[in-house]
Amino acid sequence: MDRTNREWKAMKDELKVFVEKCQGWYSQYLVLAKVYAKQGVDLVIKAQDDLYNFTHQWFTAHLPKVATEYDKSPKWAQKGLFYLPWFCLFLIILNYFNVFDRSPVIKSVQDPNIVIVNDDLRGMVKDGEVDIGSFVEELRASGRVDFNEQFLSRIGANVTGRVSEILAIPGQMVKQGDILAKITSTELTQSQLAYLKAKSASQLADQAANRARILYKEDVIALAELQKREAEASSAKAEYRAANDQLRVQGMDQPSIDRLAKSGVIESINNVIATIPGEIVERKINKGQVVQPADALFTVADLNTLWAVSEIPESNSYLIHKGQKVNLIIPALRNAQIEGVVAHVDSIVNPQTRTVVVRMEVPNKDGLIKPGMLATMMIESQPTEKLLVPSSAVIREDNHDYVFVKEDDETYRMMAVKLGPEGKGYRPVISGLKEGQNIAVDGAFHLNAERKRQLSGG
């Protein structure tokens with residue numbers, strides 16, 4: 001035990017001696033460092049003095065005016081010029097260590113959803129609060145421009161015949177009653193002949209019935225004979241009216257029929273007449289062509305009013321009602337926008353396409369809109385109160401929506417949110433945000449780009 005204590009005491013004495021030696025060495029080195037430092041400073045100051053004197057002598061010999069002005073300057077100015085090189089050296093050292101670099105040192109970001117902003121990025125970002133507002137959902141539906149069928153007429157032939165003359169061409173404006181073409185028809189000839197025969201038969205039957213009435217009064221014929229003659233007259237008159245109606249169906253107006261009855265001259269020409277005023281937008285006949293009553297020869301339309309028609313999926317049909325506001329966009333007219341309302345919503349679903357037809361009326365006084373043009377209908381729903389965020393605050397990544405929530409003046413956190421479809425520049429919040437939260441309402445794209453750059457270490 002005594003031996004152990006002696007060894008331990010000896011070790012302590014040796015350690016004490018070693019520490020004292022180190023302190024001595026340190027004091028010697030400190031003294032030497034002070035001496036060398038003083039010698040170095042003295043050497044630099046002497047070199048600067050020599051350089052200063054040399055420069056002053058050079059200016060005195062070559063530029064005496066400058067040297068004279070310098071000698072006349074105040075002592076503080078001369079002393080400041082003496083210390084100017086040291087000041088420049090000090091600035092160079094500070095610049096070397098990036099003391100004047102205005103770009104902030106990016107903080108260490110452990111969370112990949114955190115982004116640190118600098119002054120330049122701060123100018124690109126606008127903050128705002130999540131708030132409840134009136135939301136109008138917009139349903140976007142592709143469609144087309146079509147004729148207004150209330151002012152559209154497809155005109156065909158009234159009889160079977162051959163086209164003998166064409167008086168109208170596509171693009172021509174016509175009035176109701178104008179003759180568009182003429183058709184030579186043997187069928188019309190036969191109908192006129194049948195009309196004249198029915199007229200003559202009706203007249204003969206009327207005369208026979210009148211004679212029978214006279215003879216019956218004179219007690220020459222029996223009552224049965226009179227009734228027979230009157231029945232024949234009634235039947236002949238019915239056939240005469242039927243023949244008249246047949247000519248009307250085949251395109252002859254009543255004055256023309258009356259002239260035929262008076263003159264007895266048969267005409268084989270049938271006129272194709274415009275039934276409404278408007279523009280001829282289609283013609284499907286040529287001279288010499290044989291046409292049938294089922295054929296559509298001309299299409300006449302009034303283009304001052306058109307229809308915009310769209311097919312809405314049945315899943316969204318409950319959102320559409322007559323009278324809702326519609327904004328029609330026509331790409332062919334440099335995305336011209338026309339405001340209107342829903343004029344009609346079909347009551348049935350197309351079983352093949354599972355869609356519902358929606359229609360709006362489009363004014364076209366200047367004639368720039370053409371039937372057949374593609375169009376997009378933006379249909380507004382009824383406004384409702386919902387928690388909203390601007391569409392500019394939302395970014396889309398990996399099929400998810402995100403917004404940047406402000407945590408402090410330099411930090412934003414990217415948060416996943418669940419949002420509804422856009423309407424009027426806003427999207428309703430389903431989940432992920434609360435009323436009053438401060439978010440970046442503009443500049444979310446720049447924040448996301450900076451977040452990715454910081455994560456990559458750029």
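Tutor: A cavity is a set of grid points where a 1.4 Å probe fits but cannot get out. Keep that in mind for this predicted model.

Student: How much space lies in the largest cavity?

Tutor: Start with the count. The structure holds one cavity of 30 Å³ or more. The space in the largest cavity is about 30 Å³.

Student: Which class gives four residues to the lining of the largest cavity?

Tutor: Look at the lining first. It includes Leu139, Leu319, Ile320 and Ile379. Glu137, Gln324, Glu380 and Ser381 line the cavity too. By class, two lining residues are charged, two are polar and four are nonpolar.

Student: Now the pocket. Which elements give two or more residues to the lining of the largest pocket?

Tutor: The largest pocket holds about 360 Å³ of space. It has 14 lining residues, and Met252, Ser256, Arg259, Glu267 and Asn271 are the closest to its centre. Two elements meet your condition: helix H7 (254-263) and strand S9 (269-273).

Student: How many polar residues are in the lining of the largest pocket?

Tutor: Sort the lining by class. Three residues are charged and five are nonpolar. The polar residues number six.

Student: Is Asn270 buried or exposed?

Tutor: Asn270 is found in strand S9. Setting aside residues up to four places away in sequence, Asn270 touches several others, among them Asn158, Ala181, Leu188 and Gly251. Buried means under 20% relative accessible area. Asn270 has 2% relative accessibility, so this residue counts as buried.

Notes: Residues numbered from 1 in each chain as written. Predicted model: local features only at pLDDT ≥ 70, side-chain atom pairs only at ≥ 80, totals over all residues. Heavy atoms only, no water. 1 Å grid on protein atoms, 1.4 Å probe; cavity = no way out; pocket = protein on both sides within 12 Å on 5 of 7 lines; lining within 4 Å. Points joined across faces, edges and corners; volume = space filled by probe spheres on them. Helix = DSSP H or I, 4+ residues; strand = E, 2+ residues; numbered from the N terminus. Nonpolar A, V, L, I, M, F, W, Y, C, P; charged D, E, K, R; others polar. Buried < 20%, exposed > 50% of the residue type's maximum accessible area, 1.4 Å probe, protein only. Contact = heavy atoms within 4.5 Å.
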